[in-house]
Structures are given as structure tokens and as C-alpha cells.
Amino acid sequence: MLEGIVRESIGKKSAKALRRDGYLIANIYGKGLENVAAAFKVNEFIKEARKKETLAFDVKVGENVYKVVIVDYQRDAVTNNLKHVDLKVAIPGLVSKYLIPVKPYGTPIGLKNKGVLIQSKRRIAVKCTAENLPNSFDIDVSKLDIDDTILVRDIVVPDGVTMVDADRIAVLGVIKAR
């Protein structure tokens with residue numbers, strides 16, 4: 001479980017000092033909860049985020065344990081180091097909006113016909129409870145030929161999950177290479 005500290009002061013000067021000491025600044029929020037200003041060791045956070053098996057994972061800040069989902073992060077423009085992360089608490093039984101990653105698998109037929117696989121959307125917005133939260137949408141692209149696309153409406157959605165994005169939006173497609 002990832003452990004962090006609660007930040008006492010929420011200013012630019014203290015944030016810079018924490019970053020210099022190897023901490024990642026984080027905001028933890030959720031519906032009905034008070035926002036928590038936290039900080040995690042950068043390397044520990046990256047290790048935990050990579051090894052997690054589900055979209056939501058546990059973090060301990062102070063005395064409280066939260067089940068959180070990574071909503072957004074900011075990187076330094078020059079060094080590409082993580083600067084800030086937003087974490088949303090996945091509250092059981094409460095319907096909330098989440099961004100679920102799209103993971104294509106297989107080799108499209110169109111690649112052999114001089115096509116290129118284009119992934120238009122990396123994450124799809126859904127509304128669901130924390131219990132029904134899918135880890136990712138795994139999409140088989142092996143049947144895609146040139147000028148074929150997979151739209152949001154073509155994705156199989158588990159029970160208790162509703163799509164927020166419009167059903168006519170393209171997610172994956174194969175186009176002809178120039």
C-alpha cells in the first residue's frame with residue numbers, strides 16, 4: 001500500500017521544498033469528502049501505479065486509507081518528471097464519472113495492406129459505481145482493414161456501466177499510410 005503525508009501548508013514555497021526532497025504533490029478528493037492535500041515519494045508512487053492490477057488502488061495518508069483512481073497528472077515540460085497528481089476517491093455505492101483506458105490487442109489486417117493503426121481516444125468517460133469500475137476496455141483490432149473504425153457504440157460495456165461519450169465518436173481505426 002502506498003503511504004503519503006498530509007501537507008500542512010498549501011503554498012508554492014512549501015510545494016517546491018517538498019519536490020526538492022523527492023515528493024510528489026497530490027490532491028485527493030471525492031464527493032462528500034473534504035479535499036486532502038497530500039505528498040508521496042515520487043519513486044514509490046510510480047512503482048505503485050505501474051504494478052496495480054485494478055484501476056482503483058489503496059493509499060494511506062495520515063491515519064486514513066482511501067481507495068483512489070488517478071484522474072490527472074502534470075509533468076515538467078523540460079525534465080518530464082512528475083510534478084502533481086489528482087486522485088479521486090472511489091466511494092462504494094456512489095455513481096461517479098471515471099476515465100477508463102482503452103487497450104487494443106491483435107494485429108489489424110490493414111497493417112499488411114500498408115495501413116496505420118490510429119488510436120483516437122486513449123481513455124473513455126463512463127459513469128458507474130466503484131464496485132462496477134472496469135479496469136480497461138480491451139478491444140480486438142485484428143479484423144480492422146483500411147478505412148475501418150471502432151466507435152464508442154461498438155465497445156461492449158459491462159453491467160452497471162454507462163458511457164458518457166457520444167456513441168458516434170471514433171476510438172480506433174486503420175487509415176492508409178501516405
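A polar contact of 3.2 Å links the side chain of Thr-129 to that of Glu-131. The structure is a predicted model, and the description below proceeds from this residue to a second site and then to the arrangement of the domains.

**Thr-129 and its surroundings**

Thr-129 is located in the loop that runs between β9 (123-128) and β10 (137-140). Its relative accessibility is 13%, and Thr-129 therefore counts as buried, the cut-off being under 20%. When residues up to four places away in sequence are not counted, Thr-129 touches Gly-93, Leu-94 and Val-95.

**Tyr-105 and its surroundings**

Tyr-105 belongs to strand β7, which spans residues 96-105. Contacts of Tyr-105, leaving aside neighbours within four places in sequence, are made with Asp-138, Ile-139, Asp-140, Val-141 and Ser-142. For one of these partners, Ile-139, the C-alpha to C-alpha distance from Tyr-105 is 6.2 Å, although 34 residues separate the two in sequence. Tyr-105 has a relative accessibility of 46%; because this value falls between 20% and 50%, the residue counts as partly exposed.

The accessibility values of the two residues are set out below.

| Residue | Relative accessibility | Class |
|---|---|---|
| Thr-129 | 13% | buried |
| Tyr-105 | 46% | partly exposed |

**Domain arrangement**

The domain assignment of the protein chain yields domain 1, covering 2-91, and domain 2, covering 97-176. Taken over C-alpha atoms, the centres of domain 1 and domain 2 lie 28 Å apart.

**The interface between the domains**

How many residues of each domain take part in the contact between domain 1 and domain 2? Eleven residues of domain 1 meet ten residues of domain 2. The size of an interface is often expressed as the accessible area lost when the parts come together. Between domain 1 and domain 2, about 700 Å² is buried, with 56% of it on carbon and sulfur atoms.

As to specific interactions, zero salt bridges are counted between domain 1 and domain 2. Three residue pairs, both members at pLDDT 80 or more, are found in polar contact across this interface. On the side of domain 1 that touches domain 2, β5 (64-75) and β6 (82-89) each contribute at least two residues. The largest share of that side, three residues, is supplied by β5. By residue class, the side of domain 1 that touches domain 2 consists of eight nonpolar residues, one polar residue and two charged residues.

Methods:
Residues numbered from 1 in each chain as written. Predicted model: local features only at pLDDT ≥ 70, side-chain atom pairs only at ≥ 80, totals over all residues. Heavy atoms only, no water. Domains from an automatic or database assignment. Contact = heavy atoms within 4.5 Å. Buried area = accessible area lost by both parts, 1.4 Å probe. Salt bridge = Lys/Arg side-chain N within 4 Å of Asp/Glu carboxyl O. Polar contact = N/O pair within 3.5 Å; in protein donor to acceptor, adjacent residues only side chain to side chain. Helix = DSSP H or I, 4+ residues; strand = E, 2+ residues; numbered from the N terminus. Nonpolar A, V, L, I, M, F, W, Y, C, P; charged D, E, K, R; others polar. Buried < 20%, exposed > 50% of the residue type's maximum accessible area, 1.4 Å probe, protein only.
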